[in-house]
Amino acid sequence: MQPGTTHNKNLIVTVSVFAGVLVTLVGLVLSGTLAVKAGRTQAMNSRQYSDGDVEDTRGFWDQDRQDEAKPRGAEITPGRPAPQLPDQDQQRPAADYRQPPTIEARRVASPYTRPEVAIRGKIFFRMPEGVAECSGTVVHHPSGNMVWTAAHCLHGGRNGDFYDRVTFVPGYNGAGRTQAEREPYGRWPARRTTVSNHWAQNADPNGKDASASPYDYGAFIVDSRGGKTLEEAVGPGADVYWNAPRHLRVQSFGYPGDTPYDGTALYTCSSPTTDFREDGWPQPDMLWMGCTMTGGSSGGGWFTEVDGQLRLVSNVSLGVTTPGSRTMTGPYLGDVAKDMYDSL
């Protein structure tokens, strides 16, 4: 053995290990599974669909499959009102757990081809239990191809996985007589879907434990179509109002499909928001509004007016049934939600 051989071998092993770690970290960053923003690190769960997956999805959602899709959504009855606690953060008012008033959903006039309406649409996807439907919103993104929705419309949560055949139909109008009237902008298959790590690791796939609902948001990127991005086709996507004030007047949109609705039309509610949580749920508290929409509206956008423009502040998550009232909750879009957006 030549002098220095052992040292050189150790050096080679050390460099190899370091290089392996570096390659792994670079891979995570490039794949979007690790999002870093302003010193925060939040793991994200993503699925990239292959060219074959996307092509299969394009031809999957014929009218028969769409008619088979079941509205996705969950209803809970609060165990007891959350306590009115003083807020430790002096930058915003104390939490307000008062129940919002019930608001009867109002049908939006069709067709849905006006730019401010066309950014809202229906999402179809396939779960292990069968085909299902939710609602979604085109949001402004550098790709021009982002759709925002609820995490439970994209991923099965703890012990689950991402759903497949995810596709977005902007301006969907189920009352249309022809396919062109029902789908004025066509179908846009997902290329990549993302939810937060908290949802993927903690959400109950059976829907009995709703404690991961404060993280019930997700997004996906679609392929461009006919040389146009989604935003070029339907109009500018909604800007997201990150870390918005909590107590606002909001307008929600969605395609409710459970009784008394049939999933063919877009509905809306306008309501003030309060705060919602159950014992043991993580912060931040969810937003709470009055609305009678049912399953299928999940993932539909909540908007508030800022300087004359509507900006997205949440999405439909849970229906909340209390004696004599129907309300719904939406997740607060704070730093983790912003990290998820930036990871795509």
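Which charged end sits over the ring of F60? In this predicted model, that place is taken by R65, whose charged end lies 3.9 Å from the centre of the ring. F60 also has aromatic company: ring pairs tie it into a cluster with W61, Y112, F124, Y172 and Y255. A second arginine does something similar elsewhere, with R246 lying over the face of Y332 at 5.0 Å from the ring centre.

Now for the aromatic pairs in general. A pair of rings is described by how far apart the centres are and by the angle between the planes. The count for this model comes to 14 such pairs. Take Y215 and Y217, which make a tilted pair, with 6.4 Å from centre to centre and 50° between the planes. The tilted label fits because 50° is neither under 30 degrees, as stacked planes would be, nor over 60, as edge-to-face planes would be. As for exposure, Y215 has a relative accessible area of 12% and so counts as buried, the cut-off being under 20%. Y217 is buried too, at 2% relative accessibility.

F276 and W288 offer an edge-to-face example, with the centres 4.9 Å apart and 70° between the planes. This pair links distant parts of the chain, as the two residues are 12 residues apart. F276 belongs to strand β14 (residues 274-276), while W288 belongs to strand β15 (residues 286-290). Both F276 and W288 are buried.

Turning to the strands, there is an open sheet of 5 of them, laid out in the order β5-β13-β12-β16-β17 with antiparallel pairing. The edges are held by β5 (106-107) and β17 (309-315); each has a single partner strand, so one side of each goes without a neighbour in the sheet.

It helps to walk across the sheet from the β5 edge. Here β5 is joined to strand β13 (residues 267-272) by 2 bridges, and the two run antiparallel. R106 stands opposite T268 of β13. Next along, strand β12 (residues 249-254) and β13 run antiparallel and are joined by 6 bridges. Within this pairing, Q251 has S270 in β13 as its bridge partner.

At the other edge, strand β16 (residues 301-306) pairs with β17 in the antiparallel sense over 6 bridges. V306 finds its bridge partner there in Q309 of β17. One general point is handy when looking at the strands: in a regular strand, side chains alternate between the two faces of the sheet.

Note on methods. Residues numbered from 1 in each chain as written. Predicted model: local features only at pLDDT ≥ 70, side-chain atom pairs only at ≥ 80, totals over all residues. Heavy atoms only, no water. Pairing = 2+ DSSP bridges. Helix = DSSP H or I, 4+ residues; strand = E, 2+ residues; numbered from the N terminus. Phe/Tyr/Trp six-rings, centres within 6.5 Å; stacked < 30°, edge-to-face > 60°. Buried < 20%, exposed > 50% of the residue type's maximum accessible area, 1.4 Å probe, protein only. Lys NZ or Arg CZ within 6 Å of the ring centre and 35° of its normal.
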